[in-house]
Structure formats: C-alpha cells, structure tokens
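Trainee: Could you walk me through this one? I'd like to start with one residue and work outwards.

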Amino acid sequence: MELLFITLGGAVIGLLARYTLPYRHAHGSVLIPAVGAGVAAALWVALTWLGLKWNGGWIWWITLVGTAVVTVGVDLAFGALRSRADDRRLHRLTRTGLPSTGA
C-alpha cells in the first residue's frame, strides 16, 4: 500500500515540476509526471531492499526529495535538448538553398 502512496506522490511531484518549470512546451503533458511516478517507485523499492523500514521517516524523505531532484533534472534536461533540436531543425529547414523566384 505504501508503494501506491509513494508512486502517487511521485506523480504529484512530476505534475508540480511540469507546471512550474520552463520548457513545458517541449514535451508531452504526461512525460514528467510519469518520470516522477517511476522514479519514486524504483527508489522506494531500492531503499526497502537496502533495509529501510516502510514505517520509518527516512525512507519517505529520501524517496520524495530524490524524486523531486531527479524529476527537475529530467525536465530541464529534456526541455533544453528538445529546444536545441527544434532550433537546429528550424534552421536546417529555413536554409533551403533553392534559387529565388522573386523579381
């Protein structure tokens, strides 16, 4: 049950990251919340395998803060990469090299 709660918390962190950080236009509306949910679930499972108890406070703090850090990093990295790729593509498409037909 706690895995469900922490996954939902990761999705909420992803939603907050999506709507508070720049580059919102550069990726889909579900990508960052999905990253948040996935990172939270994976981090929670890894920490339980390492022996942290689900009813202790540390596992919750580490998971939520770690999810926030990773989600913000992914959002900023994907956004910057996509914006640069879009700019390069626009430059390549507008530089046609065709002879002008103007007078």
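Mentor: Let us begin with threonine 71 which, leaving aside its neighbours within four places in sequence, is in contact with Ile13, Gly14, Ala17, Ile32 and Gly36. Please keep in mind from the start that this is a predicted model.

Trainee: Okay, and which helix is threonine 71 in?

Mentor: Threonine 71 has its place in helix α3.

Trainee: Is threonine 71 buried or exposed?

Mentor: Threonine 71 is buried, because its relative accessible area is 0% and buried means under 20%.

Trainee: Which other residues of α3 are buried?

Mentor: Besides Thr71, the buried residues of α3 include Ile59, Thr63, Gly66, Thr67 and Asp75, and further along the helix Gly79, Ala80 and Ser83. Part of what covers the buried residues of α3 comes from α1 and α2.

Trainee: How many residues does α3 have, and how far does it reach?

Mentor: Helix α3 has 38 residues and reaches 55 Å from its first C-alpha to its last, which is close to the 56 Å expected at 1.5 Å a residue.

Trainee: Switching to α2, what about its length?

Mentor: Helix α2 has 19 residues, and its reach of 27 Å from first to last C-alpha is close to the expected 27 Å. Just after α2 comes glycine 51, which takes a positive phi of about 105°.

Trainee: How do α2 and α3 cross?

Mentor: Their axes come within 9 Å and cross at roughly 145°, and the crossing in which α2 passes α3 is right-handed. Among the residues that meet there are Val35, Val39, Leu43 and Leu47 in α2 and Ile59, Trp60, Val70, Val74 and Phe78 in α3. By class, this contact of α2 with α3 has 14 nonpolar, 6 polar and 1 charged residues.

Trainee: And what angle do α1 and α2 make?

Mentor: Helix α1, residues 2-20, and helix α2, residues 31-49, pack at an angle of about 145°, with their axes 7 Å apart, and the crossing of α1 and α2 is right-handed. The residues making the contact include Ile6, Gly10, Gly14 and Arg18 of α1, together with Ile32, Pro33, Ala37 and Trp44 of α2. Sorted by class, the contact of α1 with α2 has 12 nonpolar, 4 polar and 2 charged residues.

Trainee: So which residues of α2 are buried?

Mentor: The buried residues in α2 are Ile32, Pro33, Val35, Gly36, Ala37, Ala40, Ala41, Trp44 and Leu47, and what covers them includes α1 and α3.

Trainee: Back to α1 for a moment, is valine 12 buried or partly exposed?

Mentor: Valine 12, which is found in helix α1, is partly exposed, with a relative accessible area of 40%. Its C-alpha atom is separated by 8.1 Å from that of alanine 37, and the two residues are 25 residues apart along the chain.

Trainee: Where does tyrosine 23 lie, then?

Mentor: Tyrosine 23 lies in the loop between α1 and α2, and although it is not a glycine it has a positive phi of about 70°. Tyrosine 23 is partly exposed, with a relative accessible area of 26%.

Trainee: Last topic: what pLDDT does the chain average?

Mentor: The chain averages a pLDDT of 91, and 92% of the residues score at least 70. Among the elements of the chain, α3 has the lowest mean pLDDT, at 93, and α2 the highest, at 97. Where pLDDT is low, the predicted coordinates should not be read in detail.

Note on methods: Residues are numbered from 1 along each chain as its sequence is written. This is a predicted model: local features need pLDDT of at least 70, side-chain atom pairs count only at pLDDT 80 or more; totals for chains, interfaces and linings use all residues. Side-chain values use heavy atoms; hydrogens and water are left out. Axes are lines fitted to C-alpha atoms, for helices over the stretch in contact, and angles run from 0 to 180 degrees between N-to-C directions. Helices (H or I, at least four residues) and strands (E, at least two) are DSSP runs, numbered from the N terminus. A crossing is left-handed if the near helix is turned anticlockwise from the far one by less than a right angle, and right-handed if clockwise. Contact means heavy atoms within 4.5 Å. Ala, Val, Leu, Ile, Met, Phe, Trp, Tyr, Cys and Pro count as nonpolar, Asp, Glu, Lys and Arg as charged, and the others, Gly among them, as polar. pLDDT is the predictor's confidence in each residue, from 0 to 100. The expected span of a helix is 1.5 Å times one less than its number of residues. Buried means under 20% relative accessible area, exposed over 50%, partly exposed in between (1.4 Å probe, protein chains only).
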